[in-house]
Amino acid sequence: MNELTQSDNYQLLDRELAAPDPWGLDANPFERERHTQMLRLALAQGSISNALEVGCAAGAFTVQLAPHCKRLTVIDVVPHAIERSRRRMRDSPHISWIVSDVQQFSPDERFDLIVVAEVLYYIGGIAEMRGAVQNLVRMLAPDGYLVFGSARDANCRRWGHVAGAETVLGMLNETLLEVERLECRGESVNEDCLLACFRNPAS
């Protein structure tokens with residue numbers, strides 16, 4: 001299969017987000033378990049003052065994470081994703097909604113929790129993925145935690161992306177300390193991802 005360009009990926013995201021339940025994030029047992037484990041990793045370190053969610057899709061995980069955050073910033077490159085999630089969470093004034101690419105997002109503040117799952121393989125090649133990882137690390141507060149999740153390299157390549165979980169986990173391990181890693185599998189060959197929690201050791 002030919003590799004998808006960044007433009008192809010964003011068009012694909014936009015089309016998939018038109019579905020009532022994109023990727024089965026609300027109804028699929030595998031996705032529900034994935035979100036349960038992501039939330040467990042996110043909450044394991046205690047209270048969350050200022051969190052960032054990268055890539056909200058239709059808000060299925062945002063709904064679960066938001067009640068545990070004093071402040072939550074949500075970014076997505078697809079305006080439709082932000083619109084859908086914002087409608088779903090309309091009574092949550094502590095959430096900031098921003099249409100932005102993770103590579104370009106550059107806030108002044110730092111986050112004590114960053115959650116980025118099933119996102120980075122959409123942004124292009126290895127260099128772009130590395131640039132996004134470096135930007136995420138830059139935004140993470142000292143002793144802050146980053147929860148990462150992705151389909152494995154093999155599945156991502158089969159779908160036309162350059163890489164997935166194992167590649168990004170290697171990048172994250174260059175600067176952050178891995179606290180926990182787990183596998184999440186469903187019935188389909190496509191339902192196979194890795195989740196991990198990292199801590200920023202920078203003082």
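Biologist: Are Tyr 121 and Tyr 122 buried or exposed?
Modeller: This is a predicted model, in which local features need pLDDT of at least 70 and side-chain atom pairs count only at pLDDT 80 or more, while totals for chains, interfaces and linings use all residues. Residues are numbered from 1 along each chain as its sequence is written, and side-chain values use heavy atoms, with hydrogens and water left out. Where buried means under 20% relative accessible area, exposed over 50% and partly exposed in between (1.4 Å probe, protein chains only), Tyr 121 and Tyr 122 are both buried.

Biologist: How are the planes of the rings of Tyr 121 and Trp 159 arranged?
Modeller: Rings of Phe, Tyr and Trp (its six-membered ring) pair if their centres lie within 6.5 Å, with planes under 30 degrees apart counted as stacked, over 60 as edge-to-face and the rest as tilted. By this rule there are two aromatic pairs, and one of them joins Tyr 121 to Tyr 122 as a tilted pair, at 4.9 Å centre to centre with 35° between the planes. For Tyr 121 and Trp 159 the centres are 6.1 Å apart and the planes stand at 65°, so this pair is edge-to-face.

Biologist: In which helix does Trp 159, the partner of Tyr 121, lie?
Modeller: Helices (H or I, at least four residues) and strands (E, at least two) are DSSP runs, numbered from the N terminus. The pair links distant parts of the chain, 38 residues apart, since Tyr 121 belongs to the loop between S4 and H5, whereas Trp 159 lies in helix H6.

Biologist: Which element gives the most residues to the largest nonpolar core?
Modeller: A nonpolar core is a set of buried Ala, Val, Leu, Ile, Met, Phe, Trp, Tyr and Cys residues joined through side-chain atoms within 4.5 Å. The largest has 31 residues, and those with the most contacts inside it include Val 54, Ile 114 and Leu 136. Among the elements that give two or more residues to this core are strand S1 (48–54), strand S5 (140–151) and helix H7 (165–172). With six residues, the largest contribution comes from H5.

Biologist: Which two strands are at the edges of the sheet?
Modeller: Two strands pair if DSSP finds at least two bridges between them. Seven strands form an open sheet of mixed pairing, in the order S3-S2-S1-S4-S5-S7-S6. The strands that pair on one side only are S3 (95–99) and S6 (177–185).

Biologist: In what sense do S4 and S5 pair?
Modeller: Within this pair of strands, Val 115 stands opposite Val 147 in S5. Over six bridges, the pairing of S4 and S5 is parallel.

Biologist: How many disulfides does the model contain?
Modeller: A disulfide is taken as a pair of cysteine sulfur atoms within 2.5 Å. Cys 193 is buried, with a relative accessible area of 1%, and its closest cysteine sulfur, in Cys 184, is 4.6 Å away, which is too far for a bond. The count of disulfides is therefore, under the 2.5 Å rule, zero.

Biologist: What is the approximate phi of Glu 118?
Modeller: Glu 118 is placed in the loop between S4 and H5, and it counts as buried because its relative accessible area is 17%. Ala 57, in the loop between S1 and helix H3 (62–65), also has a positive phi in a residue other than glycine, near 50°. Although Glu 118 is not a glycine, its phi is positive, at about 55°.
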